[in-house]
Amino acid sequence: MLDDEVRLRQATTEDAEEIRDVAWQSMEYLELDADEMNEFREILDISPSLIENNVAYAAENSETEEILGFYIIERSGEEFLLRYLCVSPDYMGTGIGETLFLNACEMAEEAGAEKLYIICHKNNIEFYAGMGAEQCGEYAVEINGRSVIFQKLQLQLCSEE
């Protein structure tokens, strides 16, 4: 699938609604129960400011400009956190997720990261492990006064010096 039909570009604030839709579609694909989906409602409310204030890229169909996947890297102190990497279920298995992930690594490294930390649902660990990431703990997110636990992985980035 990754050919002239798909291009990566920096996401813009105007993409927020379509990116939010892709995020929801990808979470629904995981076949989570209703309680888990409700927990994600707040997390997946991807705002224009989230896109504007972080490193955000979208994979889009070059003809239709439909967003097929995206990622957002947030900086928290010295850590670079890949908190979102989502692909529309119709395009899973086409290489878009891998391309987005490799681009995220490159962008994090260009921004000065030595490691990229990945915050993900337990169902996505296998994908990131296949890309070389290793589990390094858990990451708690407060949602409506309750802690929701995600997995935290890390990937050592190759720095050219």
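Let's start with helix α1, residues 16–29: at 1.5 Å a residue (times one less than the number of residues), its 14 residues should span 20 Å, and its end C-alpha atoms are indeed 20 Å apart, so the two agree. Keep in mind that this is a predicted model, where local features need pLDDT of at least 70, side-chain atom pairs count only at pLDDT 80 or more, and totals for chains, interfaces and linings use all residues. Residues are numbered from 1 along each chain as its sequence is written, and side-chain values use heavy atoms, leaving out hydrogens and water.

**Helix α1**
- Buried residues (under 20% relative accessible area, 1.4 Å probe, protein chains only) in α1 are A16, I19, V22, A23, W24, S26 and M27.
- After α1 comes E31, with a positive phi near 55 degrees.

**Strand β5 and its partners**
- Five of the six residues of β5 (residues 115–120) are buried, so the rest of the structure largely encloses this strand.
- β5 runs parallel to β4 (residues 79–87), joined by three bridges; pairing takes at least two bridges found by DSSP.
- One of the partnerships here is L81 with Y117 of β5.
- On β5's antiparallel link to β7 (residues 146–156), there are six bridges, and K115 stands opposite Q156 in β7.

**A closer look at E74**
- You'll find E74 in strand β3, residues 67–76, and it's buried, at 17% relative accessible area.
- Contacts (heavy atoms within 4.5 Å) link E74 to L50, N54, E79, F80, L81, R83 and Y84, leaving aside residues up to four places away in sequence.

Technical notes:
Helix = DSSP H or I, 4+ residues; strand = E, 2+ residues; numbered from the N terminus. Buried < 20%, exposed > 50% of the residue type's maximum accessible area, 1.4 Å probe, protein only.
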